[in-house]
Amino acid sequence: MADDAATPTKNMDDIMALCKRRGFVYQASEIYGGINGFWDYGPLGAQLKKNLRDAWWQDVVMNPCRGIPGPAGKPVRIVPLDSCIVQNPKVWEASGHVGGFNDPMVDCRETKNRYRADHLLCIGKKGDKAGQIYAYVENNDESFDAALKKLSKYVKEDLTKDDTDTCPLTDLSADELAITVGPDTKTVGTLTEPRAFNLMFKTFVGATSAETDDNAAYLRPETAQGIFINFKNVVDTTRVSVPFGIAQTGKAFRNEVTPRNFTFRSREFEQMEIEFFCHEDDAKDWYVFWRDWRMQWWQELGLAGENLILREHDADELAHYAKEGAGTSDVEYRFPFTAPGFGELEGIAHRSNYDLRQHAEHSGAKLEYFDPTRGELAKNMQPKGERYLPHVIEPSAGLDRGVLAILCEAYTPDPDRASGVYMKFHPRVAPIKAAVFPLVNKDGMPEKAAELHQALVKRFGHLGMIETDPKQSIGKRYARMDEAGCPFCFTIDGDTLTDGTVTVRDRDSAGQERIPMDSAVDFLADRLGL
Ligand code: GAP
């Protein structure tokens with residue numbers, strides 16, 4: 001937990017309002033009343049998301065780890081993949097998702113609300129639990145205070161925090177649940193017992209009228225399994241050798257019981273996953289390498305400082321596939337809605353050879369890898385080779401959570417500006433890279449602006465938008481660009497026509513300088529770090 005002084009003062013409602021106002025994120029199906037857990041990205045959001053995905057692709061696939069060598073001093077090798085969202089359902093049986101990808105869920109019979117049981121806490125009067133239990137949603141002060149008030153009313157006593165005990169809802173017996181008050185109810189005993197709820201979306205494949213188990217399929221809940229089932233294909237059809245990684249980005253779907261906190265927990269989201277295959281003996285070193293590099297990567301995109309932490313998991317938090325004693329850690333960001341706590345952006349896990357083993361067993365395919373560089377030495381002093389199922393280090397990041405963290409980090413209130421706020425995006429992810437404005441929409445200025453705009457689009461158009469806008473006062477146009485997080489605005493004025501110079505306004509300092517118009521392309525390239 002961070003201390004209060006470091007707690008961000010940013011307000012999530014303000015950030016969400018800006019996202020809507022400026023076209024970063026819209027509620028999906030908004031004109032039909034929305035659909036819970038789904039979000040659409042507007043023009044600025046779509047470009048921001050693409051820039052983050054592209055940065056990952058560039059630094060993971062095209063130029064792995066930006067040339068930083070792996071633990072043995074050799075270059076890191078990664079190849080890309082693009083696997084299907086719908087696979088043979090046996091994939092999800094083998095991976096454990098059909099049997100085990102469940103959240104415990106409770107329903108409220110009165111309000112029809114549904115909660116994740118592990119998100120509900122119960123408070124009861126100390127030492128006198130029976131008959132005096134009250135459940136409330138989420139472990140936060142607001143809910144606790146509301147629950148305390150309700151419990152006081154229920155037991156007809158003015159209770160303080162010190163008079164109460166808490167326990168997870170999942171610890172209560174059926175008898176005790178019958179005397180539990182739901183978070184939004186007045187009546188006692190409206191919560192059902194927790195029951196397992198599979199998070200996978202089911203669908204049916206083919207033009208058949210019958211929806212049976214024979215034609216059932218699932219939307220993938222993670223992109224990772226598409227990589228494991230193609231491991232042999234990649235080894236057989238390329239020249240990779242272990243250690244190497246396979247990377248892919250793509251949509252994943254989870255029917256989350258309680259989607260919440262804007263895009264943080266959505267039902268449709270995008271992942272950026274690497275499955276890095278190595279020999280068991282090297283797995284620890286690769287785990288440390290990936291853990292540290294992934295943290296560094298997020299820092300270099302502007303999520304530096306106290307809002308970003310690397311947290312090693314405790315033994316009791318490990319997922320079923322994680323190797324005992326090996327590492328699992330999360331890169332976590334302090335979102336306004338988690339503060340002073342943190343929320344997961346990316347998990348780095350040593351998955352052992354669990355997935356390859358499961359798929360080998362369930363499919364019957366031979367997924368072992370023959371490594372000619374290992375094994376005992378033969379008479380000629382060359383290794384005889386070793387056959388093994390590689391171990392896997394998995395850095396698995398959420399693209400939408402990355403975008404959300406970047407939006408929260410960039411949001412910078414500034415009462416001295418016309419906009420009252422600006423978005424301090426790292427230039428690499430900023431959706432608009434630059435804007436070109438004619439000071440007034442006449443006297444040859446629009447033509448000059450069009451000329452510079454074209455030159456910038458030609459050079460930087462593949463990286464993001466180059467905006468141009470002749471309308472409104474220049475102050476209002478700067479304010480719009482501040483809210484959009486555009487790092488540089490070039491303005492064509494009367495002097496441009498006589499001495500060929502333009503002003504450049506810097507988003508963060510709001511300061512202006514004059515440069516020759518024909519050096520604007522080089523100026524921007526330099527500031528974007530190209
Ligand atoms: N293959 C491993 C895996 O899927 P995970 O921790 O369940 O691990 C990886 O997911 C990342 O995907 C998380 O760190 C998070 O950033 C993102 N993620 C998971 N569930 C999400 C959801 N419901 N909404 C948005 N992002 C989610």
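Look just past the end of helix α13 and you will find G485, whose phi is positive, at about 80°. This is a predicted model, so every angle and contact in this tour is computed from its atoms. Helix α13 itself covers residues 474-484. Its buried residues are R477, Y478, A479, M481, D482, E483 and A484. There is a helpful rule for reading such a list. An α-helix has 3.6 residues a turn, so residues three or four places apart point the same way.

What does helix α13 pack on? To see that, first find the sheet. It is an open sheet of 5 strands, and you can trace them in the order β24-β23-β25-β26-β27, with mixed pairing. At the edges sit β24 (465-468) and β27, each of which pairs on one side only. From one strand to the next, the twist averages 25°. Within the sheet, strand β23 (residues 432-438) and strand β25 (residues 488-492) run parallel and are joined by 5 bridges. If you want a landmark here, V436 stands opposite F490 in β25. Now the helix can be placed: α13 packs on this sheet and touches β23, β24, β25, β26 and β27, with its direction at about 175° to that of β23. Helix α15 (residues 520-527) packs on the sheet too, where it touches β23, β25, β26 and β27. The direction of α15 makes about 170° with that of β25.

Stay with the sheet and follow it to β26 and β27. Strand β26 (residues 501-506) pairs with strand β27 (residues 512-516) in the antiparallel sense, over 5 bridges. One pair to look for is R505, which stands opposite Q512 in β27. These two strands form a hairpin with 5 residues between them. In the turn, A510 has a positive phi of about 60°.

Next, move to strand β17, which spans residues 343-352. Is this strand enclosed or open? Of its 10 residues, 9 are buried, so β17 is largely enclosed by the rest of the structure. It has pairing partners that you can pick out. Strand β16 (residues 328-333) pairs with β17 in the antiparallel sense over 6 bridges, and V331 has E346 in β17 as its bridge partner. Strand β20 (residues 391-398) also pairs with β17 in the antiparallel sense, over 6 bridges. There, the bridge partner of H350 is I393 in β20.

Now for a pair of helices. Two packed helices are described by the angle between their axes and the distance between the axes. For helix α2 (residues 43-62) and helix α9 (residues 283-300), the axes come within 12 Å and cross at roughly 140°. That angle makes α2 oblique to α9. The crossing of α2 past α9 is right-handed. Where they meet, L52, A55, W56, D59 and V60 in α2 face W293, R294, W297 and W298 in α9 as contacts. Sorted by class, this contact has 7 nonpolar residues, 2 charged ones and no polar ones.

Finally, pick out a single loop residue, T263, between β13 (244-253) and β14 (268-278). Is T263 buried or exposed? Its relative accessible area is 4%, so T263 is buried. Which residues surround it in this way can be listed: setting aside neighbours within four places in sequence, T263 is in contact with V25, W39, Y41, D400 and L404.

Note on methods:
Residues numbered from 1 in each chain as written. Predicted model: local features only at pLDDT ≥ 70, side-chain atom pairs only at ≥ 80, totals over all residues. Heavy atoms only, no water. Buried < 20%, exposed > 50% of the residue type's maximum accessible area, 1.4 Å probe, protein only. Helix = DSSP H or I, 4+ residues; strand = E, 2+ residues; numbered from the N terminus. Pairing = 2+ DSSP bridges. Axes fitted to C-alpha atoms, helices over the stretch in contact; angles between N-to-C directions. Parallel < 35°, antiparallel > 145°, perpendicular 65-115°, else oblique. Left-handed = near helix turned anticlockwise from the far one by under 90°. Contact = heavy atoms within 4.5 Å. Nonpolar A, V, L, I, M, F, W, Y, C, P; charged D, E, K, R; others polar.
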